[in-house]
Protein chains: 2
Amino acid sequence: MSATPTIAAVDWGTTRLRVWLLDAKGAVLDERRSDEGLLTAQHKGFATVLDRQLQDMGAAKDLPAIVCGMAGARQGWVEAPYVDVPSSLGDILGAAVPVSGAGRDIRIVPGLAQRDRRAPDVMRGEETQLAGIAALIGAGSHLVCMPGTHCKWVTAAGGAIQGFGTWPTGEMFSVLAQHSILRHSIGDKPAKVSPDSKVFRDWCGEALSDGDIGARLFGIRAAGLLSGLGQEDAAAALSGLLIGAEVASAVRRFGRRETPVVLVVSGALGGLYAEAMRLAGIAVTIADADEAVLAGLVAAARRNGMLAEGVAE
Amino acid sequence: MSATPTIAAVDWGTTRLRVWLLDAKGAVLDERRSDEGLLTAQHKGFATVLDRQLQDMGAAKDLPAIVCGMAGARQGWVEAPYVDVPSSLGDILGAAVPVSGAGRDIRIVPGLAQRDRRAPDVMRGEETQLAGIAALIGAGSHLVCMPGTHCKWVTAAGGAIQGFGTWPTGEMFSVLAQHSILRHSIGDKPAKVSPDSKVFRDWCGEALSDGDIGARLFGIRAAGLLSGLGQEDAAAALSGLLIGAEVASAVRRFGRRETPVVLVVSGALGGLYAEAMRLAGIAVTIADADEAVLAGLVAAARRNGMLAEGVAE
């Protein structure tokens, strides 16, 4: 480590933990990833896990930390109560909750709640990614798509988060591939799906036409019995079907925008969503999810006086 | 047993087996249910399981048997190749496949295949129920709904099966309740859902409006976090959501008919589907699924010369 860190930035998910050490300008000095997510930390203790990580990185015992994600859940470290939408990005970050008695200054960014009887929803962690792409969504009206286990679609206008919805597409894929009759079609270890797969495109296109997965799920099984659809193609069909239905459903709910959809994503999943958007005739602007969460944590640290204001990056 | 049986009728499902002894007129003399379905029979041997059941019922060693369901699957006893739709009920029953070397005359009713590239589908067992409700669907154009683990919707016209689709709604409920994030909302043992539940009706109505489960699945979890939706209501919400989406999806695919939808169902599930249809403004004629399969087996025995022709009940 070449310079002394000013603050630690922490993204505490359900199954993984990421820690960055930042200098006074918010630049990264060091970075660690571990699998000590919420589930592990509930067992070992949040303070113990974070202290150990920071100690291993050579950080001072009183180094402040800005945290987002599941550490702020009710079953997390300290509950950071949901901020209701609509809310500005600044107000969301400003509502960070301090952790007392930790021996260092720690603040946890709150999640968002949509208290709409017909469309109740919550998020934790994505609000920080949204703050990290403020440059993209800070002006005008935007639709943001944030793929993952529970994909979030978010509407933003004038730098405020207006509303959002959660499509549990990643979880549906995993649960159906492992536990439904489709496990016979897909096999024990689902094949990696490529956006270049014709089967992915065909099934995605079908689902895009009406947003319906209904009778098509079992169609994957039937296609195996009737026309020999193989395991790799069955995985591609399921992925295409679920992502296509999600995009159609989200567009039906939020409408099409004049501005491109901001696709916040990293890794292989990004390619699949980008292809689905292309098939749907939707223009996208791609933002990297890892960079977004880090930029959001820097913005949160600044908003809470833990880092001096400055030009991001 | 008061009279000597003429034939055994057998419904061999994936997880259960039902056997009836019938007299020469097709009337029931005795009935048994067991859990020796396909999965058990693959292990113990189909002939062994059936011989034991019939012996326990006091039947002769050479009593003929008419069989429907998974015994005719590729991984079953003897494959009864799918009959392609469209096909008349008579032709379907007439394609029953004999089992050789079993020491008794056994015929297995084939399943149906829909070899449509955009909507591939298969059924095994429901075709026999359809034959059992020939009096309801033998003339005119009809839409039939057959709820279960894999709910089948079938179009029939002039006594022929035109096409069908499978909505795996029962399996979706079970898999999502047990293996998705909704297990936290629903608990280890999902509560029995009543069609009188306001929550069932509300969520069913929402899904009926557009057929979309998309963001609403996670909404059940969010409603638990934000407004204290309890476990019983969470199960009702999931059930209403899935059944409502199914009905909307099936109606979108097959259109509304002038005749009532024939709802072939037994037990508690029938009440939930009947309520969903009511909410959708769809008239129904209810047929009992157990009676339908038995009547279909009797019709199959007659069509194959195993029982004398006669007036069905």
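**Exercise 1. A salt bridge inside one helix**

Task: In this predicted model, find out how far apart the closest N and O atoms of A:Glu275 and A:Arg278 are, and work out where the two residues sit along their helix.

Solution:
- Start with the atoms. A:Glu275 and A:Arg278 form a salt bridge, with 2.8 Å between the closest N and O atoms. The cut-off for a salt bridge is 4 Å, so this pair qualifies.
- Now look at the backbone. Both residues belong to helix H11 of chain A, which covers residues 268–279. They are three residues apart, so about one helical turn separates them.
- Finish with accessibility. A:Glu275 has a relative accessible area of 8%, so it is buried. A:Arg278 comes out at 51% and is therefore exposed.

**Exercise 2. Counting salt bridges**

Task: How many salt bridges does the structure hold over all chains, and how many of them does the rule find across the interface of chain B and chain A?

Solution:
- Over all chains, the structure holds 37 salt bridges.
- Across the interface of chain B and chain A, the rule finds four.
- For a case within chain A, pull up A:Asp11, A:Arg18, A:Glu31, A:Arg33 and A:Asp290: salt bridges link them in a network.

**Exercise 3. Bridges from chain to chain**

Task: Which residue of chain B does A:Arg118 pair with in a salt bridge, and where do the two partners lie?

Solution:
- The partner of A:Arg118 is B:Glu206, and their closest N and O atoms are 2.6 Å apart.
- A:Arg118 is in the loop between strand S9 (112–114) and strand S10 (121–123) of chain A, while B:Glu206 is in helix H8 of chain B, so this pair joins two chains.
- B:Glu206 has 17% relative accessible area, so it counts as buried.
- Next, swap the chain letters. The side chains of A:Glu206 and B:Arg118 also meet in a salt bridge, at 2.7 Å from N to O. A:Glu206 sits in helix H8 (residues 198–210) of chain A and B:Arg118 in the loop between S9 and S10 of chain B, so here too the pair joins two chains.
- At 18% relative accessibility A:Glu206 is buried, whereas B:Arg118 is exposed at 52%.
- One more to click on: B:Asp212 and A:Arg252 meet through their side chains in a salt bridge of 3.1 Å, N to O.

**Exercise 4. Sizing up the interface**

Task: Describe the contact between chain B and chain A by residues, buried area and residue class.

Solution:
- Count residues: 40 of chain B are in contact with 40 of chain A.
- Take the area: about 3400 Å² is buried between the two chains, and carbon and sulfur atoms give 61% of that.
- Add the polar side: the rule finds eleven residue pairs in polar contact across the interface, both residues at pLDDT 80 or more.
- Ask which elements contribute. Several supply at least two residues each to the side of chain B that touches chain A, among them strand S13 (160–167), helix H8 (198–210) and helix H10 (231–254) of chain B. The largest share of that side comes from H9(B), with eight residues.
- Sort by class: the side of chain B that touches chain A has 18 nonpolar, ten polar and twelve charged residues.

**Exercise 5. Symmetry**

Task: What rotation superposes chain B on chain A, and why do the copies meet through the same surface?

Solution:
- Chain B lands on chain A after a rotation of 180 degrees, with 0.0 Å of shift along the axis and an RMSD of 0.0 Å.
- The two copies are thus related as by a two-fold rotation axis.
- 100% of the interface residues of chain B are also interface residues in chain A, so the copies meet through the same surface.

**Exercise 6. A cis bond and its surroundings**

Task: Locate the cis peptide bond between B:Val85 and B:Pro86, then say whether B:Ser87 is buried or exposed.

Solution:
- The bond joining B:Val85 and B:Pro86 is cis, with omega about 0 degrees. B:Pro86 is in the loop between strand S5 (83–84) and strand S6 (87–88) of chain B.
- Chain A has a cis bond from A:Val85 to A:Pro86, with omega near 0 degrees.
- B:Ser87 belongs to strand S6 of chain B. Its relative accessible area is 9%, so B:Ser87 is buried.
- Leaving aside neighbours within four places in sequence, B:Ser87 is in contact with B:Ile92, B:Ala160 and B:Ile161.
- B:Ala160 lies in strand S13 of chain B and is buried at 15% relative accessible area.

Definitions and conventions
Residues numbered from 1 in each chain as written. Chains lettered and ligands numbered in written order. Predicted model: local features only at pLDDT ≥ 70, side-chain atom pairs only at ≥ 80, totals over all residues. Heavy atoms only, no water. Helix = DSSP H or I, 4+ residues; strand = E, 2+ residues; numbered from the N terminus. Contact = heavy atoms within 4.5 Å. Buried area = accessible area lost by both parts, 1.4 Å probe. Polar contact = N/O pair within 3.5 Å; in protein donor to acceptor, adjacent residues only side chain to side chain. Nonpolar A, V, L, I, M, F, W, Y, C, P; charged D, E, K, R; others polar. Least-squares fit on C-alpha atoms with pLDDT ≥ 70 in both. Buried < 20%, exposed > 50% of the residue type's maximum accessible area, 1.4 Å probe, protein only.
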